[in-house]
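This briefing sets out selected features of one molecular structure for the bench reader. Please view the sequence and the model together while reading.

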Amino acid sequence: MATTSRGRNQDRARVAAGQKHEVAYEAKKENVSKDTVKKAVKSAGNSRKKVEAEIDRH
């Protein structure tokens, strides 16, 4: 597992809605807007699978 600059393990199964690069990555991957990703995180939680399912649902 990759580590952050602070020495913590990075969790690839989560989408950090406060991190612009993570939101942009997920938006490009799912071919939706960044705002759509943020709304999906807010309604479904930060689990990447749940966020992707929420995006696909709409």
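In this predicted model, S47 is buried because its relative accessible area is 16%, under the 20% cut-off. S47 belongs to the loop between α2 and α3. G45 is also placed in the loop between α2 and α3, yet G45 counts as partly exposed, with a relative accessibility of 28%.

**Loop between α2 and α3**

- Neighbours within four places in sequence being left aside, the contacts of S47 are A13 and R14.
- On the same basis, with neighbours within four places in sequence left out, G45 touches A40 and V51.
- From G45 to H21 the C-alpha to C-alpha distance is 18 Å, and these two residues stand 24 apart in sequence.

**Nonpolar core**

- In soluble globular proteins, nonpolar side chains tend to be buried together.
- Eight residues form the largest nonpolar core, namely V15, V23, A27, V37, A40, V41, V51 and I55.
- Two or more residues of this core come from each of α1, α2 (34-44) and α3.
- The element that gives the most to this core is α2, which supplies three residues.
- Beyond its neighbours within four places in sequence, V51 is in contact with V15, A40, V41, A44, G45 and N46.
- V51 therefore connects two topics of this briefing: V51 is a member of the largest nonpolar core, and V51 is in contact with G45, a residue of the loop between α2 and α3.

**Packing of α1 and α3**

- Two packed helices are described by the angle between their axes and the distance between the axes.
- For helix α1 (residues 20-30) and helix α3 (residues 48-57), the axes come within 11 Å and cross at roughly 45 degrees.
- That angle makes α1 oblique to α3, because it falls neither under 35 degrees nor in the range 65 to 115.
- The two helices, α1 and α3, cross in a right-handed sense.
- On the α1 side, the contact is made by E22, Y25, E26, K29 and E30.
- On the α3 side, the contact is made by R48, E52, I55 and D56.
- By class, the residues of the contact of α1 with α3 comprise seven charged, two nonpolar and no polar.
- I55 takes part in the contact of α1 with α3, and I55 is also listed in the largest nonpolar core.

Technical notes: Residues numbered from 1 in each chain as written. Predicted model: local features only at pLDDT ≥ 70, side-chain atom pairs only at ≥ 80, totals over all residues. Heavy atoms only, no water. Axes fitted to C-alpha atoms, helices over the stretch in contact; angles between N-to-C directions. Helix = DSSP H or I, 4+ residues; strand = E, 2+ residues; numbered from the N terminus. Parallel < 35°, antiparallel > 145°, perpendicular 65-115°, else oblique. Left-handed = near helix turned anticlockwise from the far one by under 90°. Contact = heavy atoms within 4.5 Å. Nonpolar A, V, L, I, M, F, W, Y, C, P; charged D, E, K, R; others polar. Core = buried A, V, L, I, M, F, W, Y, C linked by side-chain atoms within 4.5 Å. Buried < 20%, exposed > 50% of the residue type's maximum accessible area, 1.4 Å probe, protein only.
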